[in-house]
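Trainee: I would like to learn how to read a model like this one, feature by feature. Where do we start?

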There are 2 protein chains.
Amino acid sequence: MERIAIVGLGLIGGSLSLSLRRSRPQTRILGVDVDPRAREQALEAGAIDAGATLDDAALDTCDIVVLCTPAQPLLEMLPRVAERMKAGAILTDVCGAKERICEAGAKQRRVVFVGAHPMAGTEFRGFGAASATLFNGCTVAICAPATDERGATAQVKSMWTAAGAAKTLDVDPARHDRAVTFASHLPYLAAASVVDSLLAAGDAAALARDLAAGGFRDTTRLAGDGTVGGAAALNRFIPDEARALSQRLRALADEIERDPVRALERLGDLADERRRMRLPPVHRPS
Amino acid sequence: MERIAIVGLGLIGGSLSLSLRRSRPQTRILGVDVDPRAREQALEAGAIDAGATLDDAALDTCDIVVLCTPAQPLLEMLPRVAERMKAGAILTDVCGAKERICEAGAKQRRVVFVGAHPMAGTEFRGFGAASATLFNGCTVAICAPATDERGATAQVKSMWTAAGAAKTLDVDPARHDRAVTFASHLPYLAAASVVDSLLAAGDAAALARDLAAGGFRDTTRLAGDGTVGGAAALNRFIPDEARALSQRLRALADEIERDPVRALERLGDLADERRRMRLPPVHRPS
């Protein structure tokens, strides 16, 4: 019988356990979380077979351990978790920054580390927001180890397919981090800055909230997902690219002031490009 | 029998005609658009009783004329439309910037101009995207004229309530423009800049598109709505506030580089604030 430990029973870890429970009823799932309430919720939902803290979890009995905590603790616990697993087992993760995590994974030789990043999320957190359908149709980026004699990469891909992913995509960690800079981390930082602007708007803030329509809601949704920030902070491309985005916004402000007709043409072109992009459908929890 | 002319049969004008058709079947709706296809679509959908170009439309027979075109042409046509209406009739609009529009409205004395701005939209354009339920539950900002002996403001409010709005909010044009700076125009410019960054990402752009999850989709949705740009270009608060947003983003980038722990705390606080905001529900076309 396959045994999986899921470390971190938040939105991602909780959704992974719920979806694997449905698609792989034979797999035994050990749920690991510091928060007893998260473990209780997951047990009550039937998402896991047993709950434990990391110190109490029998990681040595598991075939696969999936790290689903926020980025910084994930990076820190990785070597310690690997050490406690059985030799040759599979360690994997869900972090949105892959270079530094995969470096840490490659440094140890006890287990096979396969980096993974499911491209899915909502602005809600915790097991309460988890859903068996969160990964339905999503893409999962996979960073395979340099040597993989036991087919660990194939097993991790198969797990994500079982969890609902439509596609897995092999990608080098640095290429991944540069691409998610544009796909996820810059959108997140822009959203957070827009929220910050509104909060700092003084007298105008209350009326701005009353007048906020769907545009504000959607533009800033990602700002509610604090975990993306952790990944952005581990992404070496971020400081420079965020400064470039800041410069782009400033140039746009100057152009609106100086030559609004040209600025509007450019914004119209961007609107057209945006509409032409094929983007994932809106997630509807089942 | 009440007669209304709706000038511009795009998303907003089209949705207004569809919703008034349902709630006020006795009202005769004249649909005005330069594009014959938009007029045909609106006629076929039963949204309007007759279609015409602006030059051909009998504006002098209408009790209310609603300007629903993009911002710049709206500002330009306003005096010309007012001139052709019957004295004392009601002229109103839907533009997302109110100071300059209301100034133009107050300059003429032939009709009563009531500024309005429904806080609703989607990234899709044109009559094809219009929906009878677009305004359901939304707030409409209303800028009443200095003198309003005939109760024009009440009639415009009543029209929006009939169109589905949950609330109308009296607001001074300058206060409106400053509030929508934060509620709508900065989110829009941030979204457009994020799209621009992705398009300029060179080698990383293709993979970034493949890895774009819901976060990118939602953050940039507003960038697909080119009409917000027109309103932003008429908003005198925009150049300075967009530069301030650019500066805020730059400071965040610097802090992530210099002191990631503090940056993450701050981002976590923003995430909490964002989740605490009461924002409008997601619009579902019926």
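Mentor: With the sheet of chain A. The model is predicted. In chain A, eight strands form an open sheet with mixed pairing, in the order 3-2-1-4-5-6-7-8.

Trainee: Which are the edge strands of chain A?

Mentor: Look for strands that pair on one side only; in chain A these are strand 3 (50-52) and strand 8 (167-170). From one strand to the next, the twist averages 25°.

Trainee: How many bridges join strand 4 to strand 5 of chain A, and in which sense do the strands run, parallel or antiparallel?

Mentor: Strand 4 (residues 64-67) and strand 5 (residues 90-93) of chain A run parallel and are joined by four bridges. To find the register, pick one pair: Ile64(A) stands opposite Ile90(A) of strand 5. Next, see what lies on the sheet. Helix 4 (residues 99-107) of chain A packs there, touching strand 5, strand 6 (112-118) and strand 7 (139-143) of chain A, and its direction makes about 165° with that of strand 6 of chain A.

Trainee: What is the strand order in chain B?

Mentor: The open sheet of chain B has eight strands, ordered 3-2-1-4-5-6-7-8, and its pairing is mixed. Strand 3 (50-52) and strand 8 (167-170) of chain B have a single partner strand each, so one side of each is left without a neighbour in the sheet.

Trainee: Which helix of chain A packs on that sheet of chain B?

Mentor: Helix 7 (residues 203-211) of chain A does, touching strand 7 (139-143) and strand 8 of chain B. The direction of helix 7 makes about 150° with that of strand 8 of chain B.

Trainee: How do I read a helix pair, such as helix 6 and helix 9 of chain A?

Mentor: Take the axes, then the handedness, then the residues. The axes of helix 6 (residues 173-199) and helix 9 (residues 226-233) of chain A come within 10 Å and cross at roughly 115°. The crossing is left-handed. Helix 6 of chain A contributes Ser184(A), His185(A) and Tyr188(A) to the contact, and residues from helix 9 of chain A include Gly226(A) and Val228(A). By class, the contact has four nonpolar, four polar and no charged residues.

Trainee: And the interface between the chains?

Mentor: Interface size is often given as the accessible area lost when the parts come together. Between chain A and chain B, about 8,200 Å² is buried, with 67% of that from carbon and sulfur atoms. On each side of the contact, 85 residues of chain A meet 85 residues of chain B.

Trainee: How many salt bridges are there between chain A and chain B?

Mentor: Twelve. One salt bridge joins the side chains of Asp218(B) and Arg221(A), at 2.4 Å from N to O.

Notes
Residues numbered from 1 in each chain as written. Chains lettered and ligands numbered in written order. Predicted model: local features only at pLDDT ≥ 70, side-chain atom pairs only at ≥ 80, totals over all residues. Heavy atoms only, no water. Pairing = 2+ DSSP bridges. Helix = DSSP H or I, 4+ residues; strand = E, 2+ residues; numbered from the N terminus. Contact = heavy atoms within 4.5 Å. Axes fitted to C-alpha atoms, helices over the stretch in contact; angles between N-to-C directions. Left-handed = near helix turned anticlockwise from the far one by under 90°. Nonpolar A, V, L, I, M, F, W, Y, C, P; charged D, E, K, R; others polar. Buried area = accessible area lost by both parts, 1.4 Å probe. Salt bridge = Lys/Arg side-chain N within 4 Å of Asp/Glu carboxyl O.
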